[in-house]
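Reader: I would like to learn how to read enclosed space and nonpolar packing in a model. Could you take me through it step by step?

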Amino acid sequence: MFKIKISKLSSGRFLILGYLLVISVGTFFLLLPISTVEGEVTSFIDALFTATSATAVTGLITLNTMEHWTRFGQTVIMLLIQIGGFGFMTSTTLLFLIFGKRVSLRERLIIMEDLNYNKISGAISLSKYIIILTFTTEALGALLLFLYFKKIMPSARAVYFAVFHAISAFNNAGFDLFGNSLLDFVNIPYINIVITFLFIIGGIGFIVIDEVFSKGLKNLSLHSRLVLNTSLILIILGTFSFFFLEYTNPATIGNLSLKGKLLGSYFQGVTPRTAGFNTIPIERLRDVTLFIIILFMFIGASPGSTGGGVKTTTIVTLLIVIYNMSVGKEDIEAFGRRFRDKDIYKALTVVVISLLLITVVTIVLSSTEKFSFIQIIFEVFSAFGTVGLSTGITARLSNIGKLFIIFTMFVGRVGPVTLAVALGRREYKKIRYPAEDILIG
């Protein structure tokens, strides 16, 4: 009977149950005594929070990853990050490939849902590509990090730190083993470049990377062109915004050398789009800078990537719609291509549902938590965008606050539309009613 019910689940509901299962298993392992260092106690809510944050590749923590968890606990977190970065169905596909199991048509449809991919014929090939690209990039990142870490710590420890941070960075998770993110490396170009390279590649999207290597930059699809151009613009805007807004702030980059200011600005300019690492203390940023970061966290990474947010293509689609409507064009177009109506509707739906969720959670936390409004709304946007940046209030949230942040991180990972459709799907008769004009604006 259980199998029959599972087989009748929609793709969205199956994905939600899959991620809930991963989080539940992760919570169980994190509650084991072997996961916690001697003398430390892990509550259920903190174990659930950590498992959700790792699976949602967020990076918000209520317990210090280095000081609270043993190597076993940290390995559990690392595996959850890897599964969350892959996506539940890509991780399942990997197991299918290992054990030689055939991937059914229904499983291919669920893979499409999980990867936000619209071609069933290439779903398995894309999954294989994701697996190969992920392991290859993480291995390269780990090697590059090891070459530096071995200079400042024993070789065995350097290997472990390199692997952990390569996985965390590529999957845009933001978990670290230094206890203060990467504050100690603000003036180290090598670490800044390697870490940002990993999370930028992870946040661009596997489909785009595949197209770049297979077609070259001149023959890209509309999707890939939008992603690459938008990502480049956001990196430049983020870097310069941070540089000018924080240039004279002695608590952040004000007292750094010009090199330190540029490195710090660049890193903080790109990390809000779901990476979660920071080389500057976030709690000491000016409110205007926090607000700019909030905007970047809401946008997030790109579809089919390891990052969260409403995605770059969603925002740029709506901006193009606004521009085209303002100049009187009936068709919405860019780069010589016309947008499909369903994509425009989906972009609008994603933004509206996301803002509604963020609004509700912010109102609740403003009622239950004793922090400033900018700290609360920053935390909520960080959770939804699966970013992991915080002004330092995460560990001090009440249990109610933690539960709402857990829910927000979960929705940010599975996607607001996926959740809405999974919970609200109904069968409707296909009737097309007569059109009638209404007044807008």
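Author: A cavity is a set of grid points where a 1.4 Å probe fits but cannot get out, and its volume is the space filled by probe spheres set on those points. Please keep in mind throughout that this is a predicted model.

Reader: What is the general idea behind the probe, and how many cavities of 30 Å³ or more does the structure hold?

Author: Rolling a probe the size of a water molecule over the atoms shows where empty space is left. Here the structure holds 3 cavities of 30 Å³ or more; the largest has a volume of about 90 Å³, and the second largest has a volume of about 60 Å³.

Reader: Which residues line the largest cavity, and which helix gives the largest share of that lining?

Author: The lining consists of Asn-172, Phe-199, Ile-200, Gly-203, Ile-204, Ser-231, Val-270, Arg-273, Ala-275 and Ala-301, and helix H10 (residues 189-204) contributes the largest share, 4 residues. Sorted by class, this lining has 6 nonpolar, 3 polar and 1 charged residues.

Reader: What classes of residue make up the lining of the second largest cavity, and which helices each supply at least two of its residues?

Author: Its lining has 6 nonpolar and 5 polar residues but no charged ones, with Gly-238, Phe-242, Gln-268 and Ile-292 among them. At least two lining residues come from each of helix H12 (222-246), helix H13 (258-270) and helix H14 (287-299).

Reader: Turning to a single residue, is Ser-302 buried or exposed?

Author: Buried means under 20% relative accessible area, and Ser-302 has a relative accessible area of 0%, so it counts as buried. Ser-302 lies in the loop between H14 and helix H15 (312-326), and, leaving aside its neighbours within four places in sequence, Ser-302 is in contact with Gly-203, Ile-204, Val-227, Ser-231, Lys-311 and Thr-312.

Reader: How should I read the nonpolar packing, and which residues have the most contacts inside the largest nonpolar core?

Author: In soluble globular proteins, nonpolar side chains tend to be buried together. In this model the largest nonpolar core has 107 residues, and Phe-149, Ile-195 and Ile-405 have the most contacts inside it. Helix H9 (residues 155-170) provides the largest share of this core, 9 residues. Another core, of 9 residues, lies apart from it and includes Leu-222, Val-316, Ile-320 and Val-321.

Reader: What is Ile-405 in contact with, leaving aside its neighbours within four places in sequence?

Author: With those neighbours left aside, the contacts of Ile-405 are Phe-49, Leu-60, Leu-365, Glu-379, Val-380, Ala-383 and Leu-397.

Terms used: Residues are numbered from 1 along each chain as its sequence is written. This is a predicted model: local features need pLDDT of at least 70, side-chain atom pairs count only at pLDDT 80 or more; totals for chains, interfaces and linings use all residues. Side-chain values use heavy atoms; hydrogens and water are left out. On a 1 Å grid over the protein atoms alone, a cavity is a set of points where a 1.4 Å probe fits but cannot get out, and a pocket is an open set with protein on both sides within 12 Å along at least five of seven lines; lining residues have an atom within 4 Å of a point. Ala, Val, Leu, Ile, Met, Phe, Trp, Tyr, Cys and Pro count as nonpolar, Asp, Glu, Lys and Arg as charged, and the others, Gly among them, as polar. Buried means under 20% relative accessible area, exposed over 50%, partly exposed in between (1.4 Å probe, protein chains only). Contact means heavy atoms within 4.5 Å. A nonpolar core is a set of buried Ala, Val, Leu, Ile, Met, Phe, Trp, Tyr and Cys residues joined through side-chain atoms within 4.5 Å.
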